[in-house]
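Morning, everyone. I've got one model to walk you through today, so let me put it up and then we'll go around it together.

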Amino acid sequence: MLALGFSAGLPNLLIFDTLSAWLRDGGVSLAVIGFFSLATLAYSAKFLWAPLVDRTRIPVLTSWLGHRRSWMLVAQLVVMLGLWLISGQDPAKSLGTMAAVAVFVGFAGATQDIVIDAWRIEAAEARQQGIMAAAYQWGYRIAMIVAGAVPLALAEIYNWSLSYAVMATLMAVGIAAALFAPRESAHTVRPIHAEGVPARPAVEAVEWTVRAALLVFGGLVAGAGLAGDPSPLALVFGRDVLGLAPFWKGTPWSIFLQVGAVALGLSVIALACSPVPGLRTRPGLYLGASFGAPLKDFFQRYAGTAALILALICMYRVSDFVLNIMNPFYLDLGFTKVEIAEVRKVFGVAASMLGVFLGGWAVVKLGLMRALVIGAFAGAISNLIYIALAMVGHSMPALFMAIGIDNVAGGFAGTCLIAYMSSLTSSGFTATQYALFSSLYALPGKLIASQSGRIIEGAARSASDGGAFAALNILIGSVTPESYVTGAKTAQVAPAALGAGYVVFFIYSALIGVAAIVLTFIVAARTPTPPRT
């Protein structure tokens, strides 16, 4: 799992974040670079082709390696090939080819994620899922460090082509893991009953074309909402995205646009997979079974609690996702970029990995639901530590303490959630069900996070004008002199008022985690406790 986590994390950063540095170095405009985010859209919409992974055998390889490892190997080879092809491109001469290959790598990388998750669930028993998830996240975080730093260093010393060729070679780590990993339990492909439905190739070809177009359209629209990026919609509606692009982020309407896009996209996908009223057709039966059967199976197995479980999955990490303004917060306190990078990217990663380990240990030793309850509390309460940092100001010990506690709590909660989502899947639908869970769990947090800046500035103005939060100004009385000065000028409030605004925000970020705590208790109460072994 450590090696497979590394293999999964490597392409994610390379096809946009690190690649954007290469593109900028090559003189590509920021507007064009922004469109390369489409390469990562596959990670948000991977549930669309997860049923294909569940149902399709790969000739020769499946009988040799098993259903999951055969898909794993193919996806990894495609990622390796794609990164190698990118290494041979020049953004000044072949930008279109580079973009196409990046999207190609994105789909292969997302497919690899689908299969690794399915293999992890099917290769180990439930009580081992915490440790498996912890090892996976360790490998993923190591890959993020490698993919974020090593290509930049190699490009500085040699060139970008060599750096991406080296990254392609590192995919061999995942390939070796796929080849030597234990075989998962026998995979069962659920049958699709099309008896009595006559084959009509010409009519079916037209129906498949229409349904495929609807699936692509629905995937782009839903993906734009899930990713919080309107770029995918530009492929359908043009660059101006019906004039809505300026309102997609940072406005009071952002959350409604993104939720609306997800709802519209999923509705179109449901339409594409629904049978034609009064007419049984092979495409309708196939798509209905591929997409509808996994959902039906989940709601049947968890009758009475399925909606609560989905709500829990969506709300569990909300307290963490809303903390999308932390870099501005640190800068407002007076920390330098170097200080922030040292603590967040080095110490913070180590603290997160410790939290991941503790989460895996808790799942094994305490049981899944007990660990899940602890993680729900940890995710919400840990945000309160930032209030102390907001009151102290520019203090390296306080920064280490805040980031350390928050990252340990985040790593713990994340591992518990992965183990819990893994426990919800069933044989034959593992890839589809888990892909859907992992695509949806971040949605509410991302949407709510779009209002974080407004909450801080609104509370700061209230504190500055003698409003409801003015009493909090006294908490910032002993802050270091350089803190909040620059940020207060930008927000046009007093420095102490900006500090009070941050205090209000961190209290708010903890309070919204109460919903996850309540849901976790309710779901835990309705979940039978397995006997201790």
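I'll start with the overall fold and then stop at some individual residues.

Quick housekeeping: this is a predicted model, so local features need pLDDT of at least 70 and side-chain atom pairs count only at pLDDT 80 or more, while totals for chains, interfaces and linings use all residues. Numbering runs from 1 along each chain as its sequence is written, and side-chain values use heavy atoms, with hydrogens and water left out.

Okay, the big picture. What does the secondary structure come to? We have 28 helices and zero strands; helices here are DSSP runs of H or I with at least four residues, strands are E runs of at least two, and both are numbered from the N terminus. The radius of gyration is 24 Å, close to the 24 Å from the globule rule for 533 residues, so the protein is as compact as a globular protein of that length. That radius is taken over C-alpha atoms, and the rule is 2.2 Å times the number of residues to the power 0.38. Along the principal axes, the C-alpha atoms fill a box of roughly 80 × 60 × 45 Å.

Of the 533 residues, 53% are buried. For that word I'm using under 20% relative accessible area, with exposed meaning over 50% and partly exposed in between, using a 1.4 Å probe and protein chains only. If you take the contacts with a separation of 6 or more, 80% of them are between residues 24 or more positions apart; a contact is heavy atoms within 4.5 Å.

On the outside, the protein exposes about 22,800 Å², and carbon and sulfur atoms supply 70% of that. Those areas are Shrake-Rupley with a 1.4 Å probe, and for residues only the protein chains shown count as cover.

Now, cysteines. How many disulfides does a search of the whole structure find? Zero, where a disulfide would be a pair of cysteine sulfur atoms within 2.5 Å. Take C273: its closest cysteine sulfur is in C314, 19 Å away, which is too far for a bond. C416 also has C314 as its closest cysteine sulfur, at 18 Å, again too far. C273 counts as buried because its relative accessibility is 8%, and C416 is buried with a relative accessible area of 0%.

Let's go to the helices. In helix 2, residues 17–25, the buried residues are T18, L19, S20, W22 and L23. Remember that an α-helix has 3.6 residues a turn, so residues three or four places apart point the same way. Just after helix 2, G27 takes a positive phi of about 85°.

Next, T432, in helix 23, residues 430–440. Is T432 buried or exposed? Buried, at 8% relative accessibility. Leaving out residues up to four places away in sequence, T432 touches A50, P51, D54, S290 and P294.

Then there's F506 over in helix 27. F506 counts as buried, at 0% relative accessibility. With residues up to four places away set aside, F506 touches L323, M326, F329, N383, L384, Y386 and I387.

V392 sits in helix 21, residues 385–392, and V392 is partly exposed at 36%. Which residues does V392 touch, not counting residues up to four places away in sequence? Those are A398, S478, V479 and T480. V392 and G477 are 85 residues apart in sequence, yet 9.2 Å apart in space, C-alpha to C-alpha.

For an exposed helix residue, look at T486, in helix 26, residues 485–491. T486 has 62% relative accessibility, so it counts as exposed.

Last stop, backbone angles. Most residues other than glycine have a negative phi. V60 isn't a glycine, and it has a positive phi of about 70°. You'll find V60 in the loop between helix 5 (50–55) and helix 6 (61–65), exposed at 66% relative accessibility. Q492 is another one: its phi is near 60°, positive in a residue other than glycine. Q492 is in the loop between helix 26 and helix 27 (495–511), and Q492 is exposed too, with a relative accessible area of 71%.

That's my tour, so over to you.
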